[in-house]
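Dear colleague,

I am handing over the structure below, and my notes on what was found in it follow directly after.

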Amino acid sequence: MIQTPGLISQQGSSTFLLRAFQLELDTRHDKYERLVKLSRDITIESKRTIFLLHRITSDPNGEEILNESEAKLEAVRQKIKQVAQELIGEDMYQFHRAISPGLQEYVEAVSFQYFIKTRSLISVKEINKQLIFTMEDEEEETNMPSSNPHDKQLYTWSLKVTPVDYLLGVADLTGELMRMCINSVGNGDIDTPFELSQFLRQIYDGFSYIGNTGPYEVSKKLYTLKQSLAKVENACYTLKVRGSEIPKHMLADVFSTKAEMIDREEGLS
């Protein structure tokens, strides 16, 4: 069969396009895998920060723990900076599934630290403000030592936490606040549980307004949030009614037992 020059040219063009598509898909897949790894690192370091912050209920050096947690969160933000650099010129939502778990865990860690400091909830606007990174162009400064320092070029990267990731992170925060409540009671602090109860009730009321109208993941977290609130309110009830009867060193065991009973009852219902 004799191939005409036009047919040969068409086949060559098709081969070129296929190779170009293959290269683009491989590049995108490699980027996705790098983002998954960064998200995993962000999750691990954020969890370590949360574990550190839980020590504040029993450690007298609370300020030292907060400073150490800030250093850990700054290291996490450097990882998020790498994510922002990977996403330059890309549509973030095409890679959102790769980075979402890490961002949720970061929101949980930073909001937990913020609550310990201020006894309030950090806003998504304030979180995103911390995720704007700038760096001076040092290359020109090295090549031209006599250049005007005011002429330095600034590079800026930013990554915005989506409203859904923020809500999911805050929902996970309630579990940490429940643990903080139990730990506080075990250390003889009977004021923190009542404070946490009011705060968790406000968060639960806010999520209730969303209800089933929001994303599926958010409505799924509502059940866990309700469980955490029930455990804290049960602790407050026990403190109010039977607090004087139970020795302080046994309070944490009593609350842990009651929390397990609540879990079993809700599992049967």
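**Salt bridges between helices**

Lys 79 is partly exposed, with a relative accessible area of 26%, and in this predicted model the side chain of Lys 79 meets that of Asp 41 in a salt bridge, at 3.7 Å from N to O. Because Asp 41 belongs to helix H1 (residues 5-54) and Lys 79 to helix H2 (residues 62-86), this pair ties together parts that lie 38 residues apart in sequence.

A second salt bridge brings together the side chains of Asp 172 and Lys 221, with 2.7 Å from N to O; here too distant parts of the chain are linked, since Asp 172 sits in helix H6 (residues 163-186) and Lys 221 in helix H8 (residues 216-242), 49 residues apart. Asp 172 is partly exposed at a relative accessible area of 22%, and Lys 221 is partly exposed at 23%.

Helix H8 also holds Glu 233, which is linked to Arg 201 in helix H7 (residues 192-210) across 32 residues of sequence, and the closest N and O atoms of that salt bridge are 3.0 Å apart. The relative accessible area is 32% for Arg 201, which is partly exposed, and 31% for Glu 233, likewise partly exposed. Elsewhere, Glu 70, Glu 74, Arg 77 and Lys 117 are joined into one network by salt bridges that share partners.

As for the wider setting, the whole structure contains 15 salt bridges, and the protein is built from nine helices and two strands. Of its 269 residues, 38% count as buried, while carbon and sulfur atoms supply 53% of the roughly 16200 Å² that the protein exposes.

With best regards

Terms used
Residues are numbered from 1 along each chain as its sequence is written. This is a predicted model: local features need pLDDT of at least 70, side-chain atom pairs count only at pLDDT 80 or more; totals for chains, interfaces and linings use all residues. Side-chain values use heavy atoms; hydrogens and water are left out. Helices (H or I, at least four residues) and strands (E, at least two) are DSSP runs, numbered from the N terminus. Buried means under 20% relative accessible area, exposed over 50%, partly exposed in between (1.4 Å probe, protein chains only). Accessible areas come from the Shrake-Rupley method with a 1.4 Å probe; for residues, only the protein chains shown count as cover. A salt bridge is a side-chain nitrogen of Lys or Arg within 4 Å of a carboxyl oxygen of Asp or Glu.
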